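Work through the exercises below with the model open. Try each task before reading its solution.

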Amino acid sequence: MEAPRFALTKIQPPRLRLQRVVQRASLGAALVDALLTRRVVLLQAPAGFGKTTLLAQHRPRLPAGTALAWIALDEDDDAQRIFACMVAALEPHDLPWRTSPDALVALAAEDAGSRRAVAELHNALGGADSAHGVIVFDDLHRVRAPRALALIDALIERLPPQWTVVLSTRLPPAGSLARWRAGGELAEFDQTSLRFSADEAAALVAAEPSPPLRERIGDLVARTQGWPAGLQLCIEALRTRLGTSGTLLASGSRLLDRHLFDYLASEVLDDMPAPLCDFLTRCSVLPELTAARAAAVSGDAHAARWLDETERRGLFVTVLDAQERTLVLHDLFRHALDERLQRLHPDELPGLLRRAAAGESDSIRRVGFLLRANDWQGAEHALDAAAPDLLLHSQAGEVQHLVDTFPAAWRAKSARLLRLGSFTHWLRWQWDDMANCLEGAVAAALAAGDEAEARLAQAWLTQACYPLGRTDRIAELLAELRPLPLPDQARAISLMGECMLHYRCGDLDRIPATYAEIVILLERGAPLFTWWVCAPALNWSTLQGIRPVLQRYLGGALERIGERPLPMRAEVQIHRAWIALWAGEFDTAMELAGSAAADLKWLACSGEMEGSLRLFEMLADAIRGRSEAVWRRLDEFFEREDHGTDEWRELWRRQVGVFGLRLNDVLGGDPGQVRRWAGQLAERPLQTDTDSARADLARARYAAAEGRWSDAAALFVKLLPLASRMDVMGQAIEIQLRAAHALLRDGRLAQAAEVLAPALESMRAEGERGHALMCGAEVLSTLARAHWGAWLGNQTLAELRAAAALASALREGETGPMPGAPPHPVLANGDDGLLSTREREVLALIAAGDSNKVIARALDISPHTVKRHVANILDKLGLASRGQAGAWLRANGHPKAPA
């Protein structure tokens, strides 16, 4: 996967420390047996009972080849972040993902998406080649988000039998473990089983040089009731102070709690060398300590030496199994140090937190450090810098969570936070909420005198006003912005507002030039987020003169996306497929649509992008004359219920009605289908006399379908002056050709030629022969067979005949699978050319036992690309795991090269 957007220390298991390790044989044997045989292992005990230490101590006793994924949980973890940690922790085990794991992370934020993400995870875990695997959730008690706990519950629910989930927690888990307990699939270790016995405590101090300490260990066990943290701290304190006071033992007359731990820790810290104590106190703001980060935060150049001394003393730290030595302070010990910091150096705390933030790669932690330092402005800037990457990866919920961590009073006055908060509404189509946030952002920025932020918020506000139909407000905003010297991002977004205003006002011929200005700005080094925000609308793709501009945008976007698994890639591929279709390059369009379908599946893209591809598939079916497939697909499309409100569903069905009318014309014009889909339009054009261009166009289609050519000609001719304002998805050319056809059928050859010639000349000049396909093969064939004489020039007539020949050939050529068709059947011998050359190379390396990382290095491609090739190989060959793929190759020999 890509570099994770969280600290890698969250997925690095602890390393066993050799100082004073006590071999707890029976407990260890029970734990290892549970890890290998039970669905769930629960370690539940208060702080300091050695849950993490016990797991680290016995991890090496698991059989060789056991897969381990360790996730250390934090208070800020939500479902999406936990899923991301799981994916990253499982990365070394080369699971056979069928959907990009990075894309699944994006899905985990929502209930419906989370169900799919967990199902895909189950499938990948089930296909793992490891004989057994263990997933550890450490410090589960820190997690509060209900959806995050539900995610872990769902993981356990259908966990493949070769995997075990470990829950290490101070508090009873919120999930339902009763059924696993009743079924004997749950192993439980509580504080009774985790406390030290007298014999184990004696082994802990067996090497101590002080006989009195060894003699008093029984008393310490009794007074601490075997609490490992209290026992260890008493030993540490008494090692240096035994005989000077009975205070320590007297204080332990009850089970040690956190407050007594703080007292004992202070005793231990006071006996340390002062520089070491000061170092640890200042570094307590860090969740993990490395030499570099500890030196940067504490200002102590001897940080590496103090870490050595901390580890040597056996203090309350966990050493992570990382390339760079990393120590994690135990929560109890950090709390004691934190109280000491607050008491002795309170004025230093904000500066320490800022230095911690400066070296933090995890955006959530970085913002958290700055918030704890009460540095609201610094936290704002950190969030603003992190938000574009999070949004590109479909993590709008993460952005909203970070916004919500600011104090309410600050949020209400912060233009930047209001703008960032609007993005969540933007991606969820909550236009009113988006507009309200941005209106507030504009007002807040102007009140603060922040001109640049005000203009950026105004530019974004145009995007919210467009779907709300607030044309006057868009015009007002743009009138203010046009004369100002805006930064490139604000200018590009405001120009998108200009394009939307042109579209809303019917000035479609102005969109290509305006969009060309946007592309120039993007090419000047705009970040990928701005490219994404400025993606062209799909219904601009047939505007006269826009194709070269769109090709520049799409090529530039693909170059910048590279191999990153971003949903934006699928969006770009869908655009390319439509552009090829309008150019009449049907085979290329189908190939690009196939790539888009593969991207949609692999990248788990949104329903909106899937809808664009479904429209393409239906039109391709109609062009081929596959009426049964068209109406089946359109019925399914029509009944979609993924739009939340009644208003949205009504709008959706009207849009599908418009497309149904157009598909019917491509297929040949069935009067029954015209009646059906015209009935979905708001105007009800066949039942009312509503005067609008859309109503007239529906009536014209109906008259033509019934063979009433005089009526059809009159209606189509009436629309000709409006054609340029209706040029959506090839409709301008279609209206002209349909008008010429109706006039021809009505016996008015000269008038038909007068209408037909400019349409054909425009197609020829623009290289957009595919627009003619929207009329259907029958209409084009009739026009091509007519005796035009001198009415049409040779080049114009050649263009007409070429368009008719293309429509006829495509209608008769019923070959080739549609994008998203079911996979090919598995073949008994060889792959029969199903695998690409690269896939065959990857398969050979899988069979040789190479990991994804090794394959990536060998073929000079990214690990993400390797995972995608593995998914393709398994899908095409009908296999479930990498091991099966290797066995398939050994059984079948090398796959045949494509013919």
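The exercises cover a sheet, its helices, two helix pairs and two loop residues.

The model is predicted: local features need pLDDT of at least 70, side-chain atom pairs count only at pLDDT 80 or more, and totals for chains, interfaces and linings use all residues. Residues are numbered from 1 along each chain as its sequence is written, and side-chain values use heavy atoms, without hydrogens and water.

**Exercise 1. Lay out the five-stranded open sheet.**

Step 1. Fix the elements: helices (H or I, at least four residues) and strands (E, at least two) are DSSP runs, numbered from the N terminus. Two strands pair if DSSP finds at least two bridges between them.

Step 2. Read the order. It is β3-β4-β5-β2-β6, with parallel pairing. β3 (67-72) and β6 (186-189) are the edge strands, each pairing on one side only. From one strand to the next, the twist averages 15°. Angles run from 0 to 180 degrees between N-to-C directions, and axes are lines fitted to C-alpha atoms, for helices over the stretch in contact.

Step 3. Check the pairs. β2 (residues 40-44) and β5 (residues 163-169) run parallel, joined by five bridges. Val 40 stands opposite Val 165 in β5. Six bridges join β3 to β4, and there Trp 70 faces Val 136 of β4.

Step 4. Add the helices, taking contact as heavy atoms within 4.5 Å. Helix α1 (residues 25-37) touches β2, β4 (133-138), β5 and β6, and its direction makes about 150° with that of β6. Helix α3 (residues 79-90) lies across β3, β4 and β5, at about 145° to β3.

Step 5. Test the burial of β3. Buried means under 20% relative accessible area, exposed over 50%, partly exposed in between (1.4 Å probe, protein chains only). Five of the six residues of β3 are buried, so the strand is largely enclosed by the rest of the structure.

**Exercise 2. Classify the packing of α32 on α34, and of α20 on α21.**

Step 1. Set the classes: under 35 degrees is roughly parallel, over 145 roughly antiparallel, 65 to 115 roughly perpendicular, and the rest oblique.

Step 2. Take α32 (residues 567-582) and α34 (residues 607-623). Their angle is about 25°, with the axes 10 Å apart. That makes α32 roughly parallel to α34.

Step 3. List the contact. Residues of α32 including Ile 574, Trp 578 and Leu 581 meet residues of α34, among them Leu 613, Phe 616 and Leu 619. By class, the contact has 13 nonpolar, one polar and one charged residues. Here Ala, Val, Leu, Ile, Met, Phe, Trp, Tyr, Cys and Pro count as nonpolar, Asp, Glu, Lys and Arg as charged, and the others, Gly among them, as polar.

Step 4. Take α20 (residues 363-372) and α21 (residues 376-392). The angle is about 170° and the axes are 8 Å apart. The two are therefore roughly antiparallel. Nine nonpolar, two polar and one charged residues make up this contact.

**Exercise 3. Place Arg 684 and Asp 860, and judge their exposure.**

Step 1. Recall the background: most residues other than glycine have a negative phi.

Step 2. Arg 684 has a positive phi of about 45°. Its place is the loop between α37 (671-678) and α38 (693-705). At 37% relative accessibility, Arg 684 counts as partly exposed.

Step 3. Asp 860 has a positive phi near 55°. The loop between α45 (852-859) and α46 (863-877) holds Asp 860. With a relative accessible area of 70%, Asp 860 is exposed.
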